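Hi,

Here is the structure I said I would pass on. Have a look at it first, and then read my notes underneath.

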Amino acid sequence: IEVDGARLTTKNIGEELYHFMVNKPKGYICSNAEFPDKPGMRAIDLLKPWMDTWTAKAENKGKLPPRFFSVGRLDVASTGLI
């Protein structure tokens, strides 16, 4: 990843970068907003098992957890790569 022609590294931001490809199933939304009436129906919630593993590792104690952002948007009835 480059910004203004300079390669972005973890030295630039002081955090590790993670990139995921997720096949969004039908019924999930591409949003970070939480909807109390539809818990667990966000595409980013599909990464919860990975996040639980990351949080349990001793080396991550005291670190801020990674934040997830979907790149691309698919409507709730669509499936595909995000």
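To start you off: which residues does Ser-31 touch, not counting residues up to four places away in sequence? They are Arg-42, Ile-44 and Arg-73. Before I say more about that spot, please keep in mind that this is a predicted model.

Ser-31 sits in the loop that joins β3 (23-24) to α2 (48-56). Despite the loop setting, Ser-31 counts as buried, because its relative accessibility is 16% and the cut-off for buried is under 20%. Its side chain also reaches back to the main chain, with the backbone nitrogen of Ala-33 at 3.0 Å.

Now the overall picture. The chain has two helices and four strands, and from the N terminus on they come in the order β-β-α-β-α-β. The C-alpha trace spans about 40 × 35 × 20 Å along its principal axes. The radius of gyration is 15 Å, whereas a compact globule of 82 residues would come out near 12 Å. Buried residues account for 20% of the 82 residues. As for contacts with a separation of 6 or more, 51% of them are between residues 24 or more positions apart.

On the surface side, the chain exposes about 6600 Å², and 57% of that comes from carbon and sulfur atoms. If you count charged side chains, you get 12 positive and 10 negative, and the centres of the two sets are 3 Å apart.

Two other residues caught my eye. One is Trp-54, which lies in helix α2. Is Trp-54 buried or exposed? It is buried: the relative accessible area is 8%, so Trp-54 falls under the 20% cut-off. Leaving out residues up to four places away in sequence, Trp-54 touches Tyr-18, Asn-60, Lys-63, Leu-64, Pro-65 and Pro-66. I also checked Trp-54 against Met-21, 33 residues away along the chain, and their C-alpha atoms are separated by 17 Å.

The other is Asp-4, in the loop between β1 (2-3) and β2 (6-7). Its phi is near 50°, a positive value in a residue other than glycine. With a relative accessible area of 82%, Asp-4 is exposed, since anything over 50% counts as such.

That's what I have so far. Shout if you want to go through any of it together.

Cheers

How values were computed
Residues numbered from 1 in each chain as written. Predicted model: local features only at pLDDT ≥ 70, side-chain atom pairs only at ≥ 80, totals over all residues. Heavy atoms only, no water. Rg over C-alpha atoms; globule rule 2.2 N^0.38 Å. Buried < 20%, exposed > 50% of the residue type's maximum accessible area, 1.4 Å probe, protein only. Contact = heavy atoms within 4.5 Å. Areas by Shrake-Rupley, 256 points an atom, 1.4 Å probe, with all protein chains shown as cover. Lys, Arg positive; Asp, Glu negative; His and termini not counted. Charge placed at Lys NZ, Arg CZ, Asp CG, Glu CD. Polar contact = N/O pair within 3.5 Å; in protein donor to acceptor, adjacent residues only side chain to side chain.
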